[in-house]
Amino acid sequence: MGAEKKWLFTLFSATFLSLLFLLVYSISSFGSPKPFPSVIRHGAHYPPSFAYYISGGRGDADRMRRLLLAVYHPRNRYLLHLNIDASDDERSKLIRAVNQVPAISTFANVDVIGKPSRINYMGSSNIASILRAVAILLKLDPGWNWFVVLSATDYPLLTQDDLSHVFSSVSRDLNFIDHTGDLGWKESQRFHPIVVDPALYLARRSQIFHATEKRPTPDAFKVFTGSPWVILSRSFLEFCILGWDNLPRALLMYFNNAVLSEESYFHSVICNAPEYKNTTVNNDLRYMVWDNPPKMEPLFLNISDYDLMVQSGAAFARQFEKDDPVLDMVDEEILQRGRNRAVPGAWCAGQRSWWVDPCSQWGDVNTVKPGLQAKKFGETISNLLDEWSSQNNQCK
C-alpha cells in the first residue's frame, strides 16, 4: 500500500509539472515579440508621429515610466531627461525599466539622456535643456511631425491612436502654443529685471539672482508670453535650431536674462517670424485647474476633477500627485491600459488577457484606430482650426 501511494504521488507530481511547463511555455510564446511585420513609414499618406520630451527630477523615475507607457506608440520618438538632481542609480533604474518593455526594446525609439542638465525652472537653463532635446530628436529621427513637451506630473487624456487620427486632418506646419502680446504685470516683473541663471555655469545648485540695473521693454521685436506646454511643428523647430535667420539666436540671448524664459522664448520667436506667425493655434491642448488668483503652478488634480477633465476635450492634463487614484481611472476607462503595459492600439496584435500583454505582439504599426476620446478631441481641434482660420487670435 505504501508503494502504491508513492507511485500515485510520483504520477501526480509529474502531471502537475508537465501542466506547469505547458502553461509557462504558452505564456512565453504568446508574450514573445514578433519580428517587424512592416516598416514604419512617414509621409502625407501616413498618420503623423510625435517626438515627446519627458522631463523629471529626483524621485520621478517610476512616474516617468508610467507616463511613457501611457503615451507610447512605435511610430513616435521619445527622449527622457532625469535632471542632475536625480542619482545615477535612479537613471540606471529608469533605463532598465524602459528596456524591459518588449516593443520599446525592439523598435528602439526611446532614449534616456545620459549626461543630464542642471535646471532652474525660474531661469533660462530650462529653455536650454528643451532646445537640447529638440536638437537630439531632430538628429535621431527624420520622421516625426510635432514636438510635445511633458513633465513627470502630466498624463494623457486620450490614446496615441486618438491623437494621430485627429491630427491626420491638421496641417503639419501648425503650432499649438498658448500666447499673448498683452504682457500686463509681467512686463515689469518678468522682462524689466535682468536675471542670471547660475545653473548655466555653476556645478552646485543655486537660485537665480537679480542685477541692480533694469532694462526697458524691447522695441526691436515684440515680446509674447504664454503657457510653456507647447506642441510645435518640426519645420518651426528646424527654423529655431538649424535656420539661417538670426532671430531665434538673438531672442535666445535676450531671454537668457529673463525670468521664466520658457514662457516667452518660443512664443516670441514664432510671432516675430513672418513665415511662422500665421501658423499659431492659440491653445496648449492641456487641462489645468488654477487657484484664484493663480499661483505659479496649477492645482493638483484628483478624482473630483475626473468628469470635467474627460469632457474638456484636452489632449493632456496636469498636474497629478504620484500614483493618484484618478490616474488609475484614466488608465482603466480611457486608455484601457493594464498595469506596467503600453496603451493598446491598432498596432497591438496580441491576445488580451490578464497574463498576456496585447502589445507584446504587433501587426501594422502604420494604422490607427480611434477610441473613446477621439470624437471629443476632434471637436476641440475643429473649433480651434475655425478660430485659427479667422486669424482673430494669432500673435496679438
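Helix 2 (61–70) and strand 5 (154–156) each contribute at least two residues to the lining of the largest cavity. Helix 2 contributes the most, with three residues. The model is a predicted one. The volume of this largest cavity is about 80 Å³. Three cavities of 30 Å³ or more are counted.

The lining of the largest cavity consists of Arg63, Arg66, Leu67, Ala152, Thr153, Asp154, Tyr155, Phe320, Glu321, Lys322, Asp323 and Leu327. By class, six of these lining residues are charged, five are nonpolar and one is polar.

Helix 2 itself is largely enclosed by the rest of the structure, because nine of its 10 residues are buried. The buried residues are Ala61, Arg63, Met64, Arg65, Arg66, Leu67, Leu68, Leu69 and Ala70. Arg63, Arg66 and Leu67 thus appear both in this buried set and in the lining of the largest cavity.

The largest pocket encloses about 1000 Å³ of space. Its lining comprises 41 residues, and Pro228, Trp229, Glu263, Met296 and Glu297 are the closest to its centre. Five elements give two or more residues to this lining: strand 1 (50–56), helix 5 (125–140), strand 4 (146–151), helix 7 (186–191) and strand 10 (225–226). The lining of the largest pocket divides into 16 nonpolar, 14 polar and 11 charged residues.

The second largest pocket has a volume of about 330 Å³. It is lined by 14 residues, of which Arg66, Asp323, Arg337, Arg339 and Asn340 are the closest to its centre. Helix 2 and helix 12 (325–335) are the elements that give two or more residues to this lining. Helix 2 supplies the largest share, five residues. The class counts for the second largest pocket are 11 charged, two polar and one nonpolar. Arg66 and Asp323 belong to the lining of the largest cavity and also to the residues closest to the centre of the second largest pocket. Helix 2 likewise contributes to both sites, giving three residues to the cavity and five to the pocket.

The backbone between strand 14 (316–318) and helix 12 was examined next. Gln319 lies in the loop that joins these two elements. The peptide bond from Arg318 to Gln319 is cis, with omega near 5 degrees. Most peptide bonds are trans, and most residues other than glycine have a negative phi. Asp323 is located in the loop between strand 14 and helix 12. Although Asp323 is not a glycine, its phi is positive, at about 55 degrees. Asp323 counts as partly exposed because its relative accessibility is 47%.

A further positive phi, about 50 degrees, is found at Cys395, again not a glycine. Cys395 sits in the segment after helix 13 (374–390). Its relative accessible area is 14%, so Cys395 is buried. The two positive-phi residues therefore fall into separate exposure classes: Asp323 is partly exposed, whereas Cys395 is buried.

Helix packing was examined for one pair. Two packed helices are described by the angle between their axes and the distance between the axes. Helix 8 (residues 234–242) and helix 10 (residues 265–272) pack at an angle of about 100 degrees, and their axes are 12 Å apart. Helix 8 is therefore roughly perpendicular to helix 10, since angles of 65 to 115 degrees count as such. On the helix 8 side, the contact involves Phe236, Leu237, Phe239 and Cys240. These meet Phe266, Val269 and Ile270 of helix 10. The contact of helix 8 with helix 10 has seven nonpolar residues, no polar residues and no charged residues.

At the level of the whole chain, 13 helices and 14 strands are assigned. The chain has 396 residues, and 52% of them count as buried. Among contacts between residues at least 6 apart in sequence, 76% join residues at least 24 apart.

Notes. Residues are numbered from 1 along each chain as its sequence is written. This is a predicted model: local features need pLDDT of at least 70, side-chain atom pairs count only at pLDDT 80 or more; totals for chains, interfaces and linings use all residues. Side-chain values use heavy atoms; hydrogens and water are left out. On a 1 Å grid over the protein atoms alone, a cavity is a set of points where a 1.4 Å probe fits but cannot get out, and a pocket is an open set with protein on both sides within 12 Å along at least five of seven lines; lining residues have an atom within 4 Å of a point. Grid points are joined across faces, edges and corners, and a volume is the space filled by probe spheres set on the points. Helices (H or I, at least four residues) and strands (E, at least two) are DSSP runs, numbered from the N terminus. Ala, Val, Leu, Ile, Met, Phe, Trp, Tyr, Cys and Pro count as nonpolar, Asp, Glu, Lys and Arg as charged, and the others, Gly among them, as polar. Axes are lines fitted to C-alpha atoms, for helices over the stretch in contact, and angles run from 0 to 180 degrees between N-to-C directions. Angles under 35 degrees count as roughly parallel, over 145 as roughly antiparallel, 65 to 115 as roughly perpendicular and the rest as oblique. Contact means heavy atoms within 4.5 Å. Buried means under 20% relative accessible area, exposed over 50%, partly exposed in between (1.4 Å probe, protein chains only).
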